[in-house]
Amino acid sequence: PPLYFALRRLPWLFDRIKVVYALRWKLSYPLQRRVPLSRMLRKAKIHLTWGELLLLMPFYAGLFAGILYTFVFPSVVVSGRVARFGLIAALVLAQRNSLVTLLLGMPSDRAIYYHKLAGRLAGVTGVLHTIAYFVDPTFKSKYSDAALGGAFTGSVNTSGSMILALMTGIIISSIPQVRRRLFEAFYYMHV
């Protein structure tokens, strides 16, 4: 209400904001349309718009890149960058008024589904990054005597192991049965 009353006193600013929102809705409207075969997908409880399909593409690309740079071309550095993408996407999609949801014309409650998906992607690519650490030949030659103990040698390895442990805690506390019984653990893990 205070913003509304302030904008009512400045009608020229109020008109400009209305123009910006009208343009935003006009641009995002094609992204809000349902994809073809949506009736068939709806029977399978899948409600998908063009904007959501556009949002899903980087998730599939991240999963593919995580598998590719873990098993085919093992690289700890690249698989770490892929794992970071899932964490960044989870953080961006958890926001109530995210720029991504604004541009795609998606309500914030619908973005929570993609926040969960991004968290799962971050967990899977984090595990793939850990596997890449043991598979990558350049790191094998550096830390061949360390084996599993190499996970806590040096500040980079220690922080990576700690974030994987924290992500495991977040994922376990996010399971619906656990979250209902131990909501405080879920909440404080996320914070």
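Which residues in helix 4 meet which residues in helix 5? The legends below address this point and then turn to other views of the model, which is predicted.

**Figure 1. Overview of the protein chain in the predicted model.** The secondary structure of the protein chain comprises 11 helices and 0 strands. Read from the N terminus, every element in the order α-α-α-α-α-α-α-α-α-α-α is accordingly labelled α. Of the 191 residues in the protein chain, 28% are buried. Where contacts link residues at least 6 apart in sequence, 55% of these contacts join residues at least 24 apart. The surface exposed by the protein chain amounts to about 13,500 Å², of which carbon and sulfur atoms supply 70%.

**Figure 2. Close-up of the contact between helix 4 and helix 5.** Helix 4 spans residues 50-72 and helix 5 spans residues 76-93; their axes come within 8 Å and cross at roughly 155°. Because angles over 145 degrees count as roughly antiparallel, helix 4 is roughly antiparallel to helix 5. The crossing of these two helices is left-handed. On the side of helix 4, the residues that meet helix 5 are L55, P58, F59, G62, A65, G66, Y69 and T70. Their counterparts in helix 5 are V78, S79, V82, F85, A89 and L93. Sorted by class, the contact of helix 4 with helix 5 has 10 nonpolar and 4 polar residues, with no charged residues.

**Figure 3. Close-up of the contact between helix 5 and helix 7.** Helix 7 covers residues 108-135, and its axis and that of helix 5 come within 8 Å, crossing at roughly 160°. Helix 5 and helix 7 are therefore roughly antiparallel to each other. Helix 5 passes helix 7 in a crossing that is left-handed. Helix 5 contributes V76, S79, G80, V82, A83, F85, G86, L87, A89, A90 and L93 to the contact. Helix 7 contributes A111, Y114, H115, A118, G119, L121, A122, T125, G126, H129, A132 and Y133. The contact of helix 5 with helix 7 has, by class, 15 nonpolar residues, 8 polar residues and no charged residues.

**Figure 4. Close-up of the packing of helix 4 with helix 7.** The axes of helix 4 and helix 7 lie 8 Å apart, and the two helices pack at an angle of about 10°. Helix 4 is thus roughly parallel to helix 7. From helix 4, the residues E52, L55, L56, F59, G62, L63, G66, I67, Y69, T70 and F71 take part. They meet R110, Y114, L117, A118, L121, V124, T125, L128, H129, I131, A132 and V135 in helix 7. Divided by class, the contact of helix 4 with helix 7 has 16 nonpolar, 5 polar and 2 charged residues.

**Figure 5. Close-up of T70 in helix 4.** T70 has a relative accessibility of 0% and therefore counts as buried. Apart from residues up to four places away in sequence, T70 touches S79, L128, H129, I131, A132 and V135. Of the residues touched by T70, S79 belongs to the helix 5 side of the contact with helix 4. L128, H129, I131, A132 and V135 belong to the helix 7 side of the contact with helix 4.

**Figure 6. Close-up of A83 in helix 5.** With a relative accessible area of 10%, A83 is buried. Not counting residues up to four places away in sequence, A83 touches T125, G126 and H129. A83 and H129 are 46 residues apart in sequence, and their C-alpha atoms are 6.9 Å apart in space.

**Figure 7. Close-up of I170 in helix 9.** Helix 9 comprises residues 154-174. I170 is partly exposed, its relative accessible area being 23%. Leaving out residues up to four places away in sequence, I170 touches M189 and H190. A separation of 9.6 Å lies between the C-alpha atoms of I170 and G123, which are 47 residues apart along the chain.

**Figure 8. Close-up of R34 in the loop between helix 2 and helix 3.** The loop that holds R34 lies between helix 2 (11-32) and helix 3 (38-43). R34 has a relative accessible area of 40% and is partly exposed. Neighbours within four places in sequence aside, R34 is in contact with R42, H47, L48, T49 and W50. R34 and E52 are 18 residues apart along the chain, and 9.3 Å separates their C-alpha atoms.

Note on methods. Residues numbered from 1 in each chain as written. Predicted model: local features only at pLDDT ≥ 70, side-chain atom pairs only at ≥ 80, totals over all residues. Heavy atoms only, no water. Helix = DSSP H or I, 4+ residues; strand = E, 2+ residues; numbered from the N terminus. Buried < 20%, exposed > 50% of the residue type's maximum accessible area, 1.4 Å probe, protein only. Contact = heavy atoms within 4.5 Å. Areas by Shrake-Rupley, 256 points an atom, 1.4 Å probe, with all protein chains shown as cover. Axes fitted to C-alpha atoms, helices over the stretch in contact; angles between N-to-C directions. Parallel < 35°, antiparallel > 145°, perpendicular 65-115°, else oblique. Left-handed = near helix turned anticlockwise from the far one by under 90°. Nonpolar A, V, L, I, M, F, W, Y, C, P; charged D, E, K, R; others polar.
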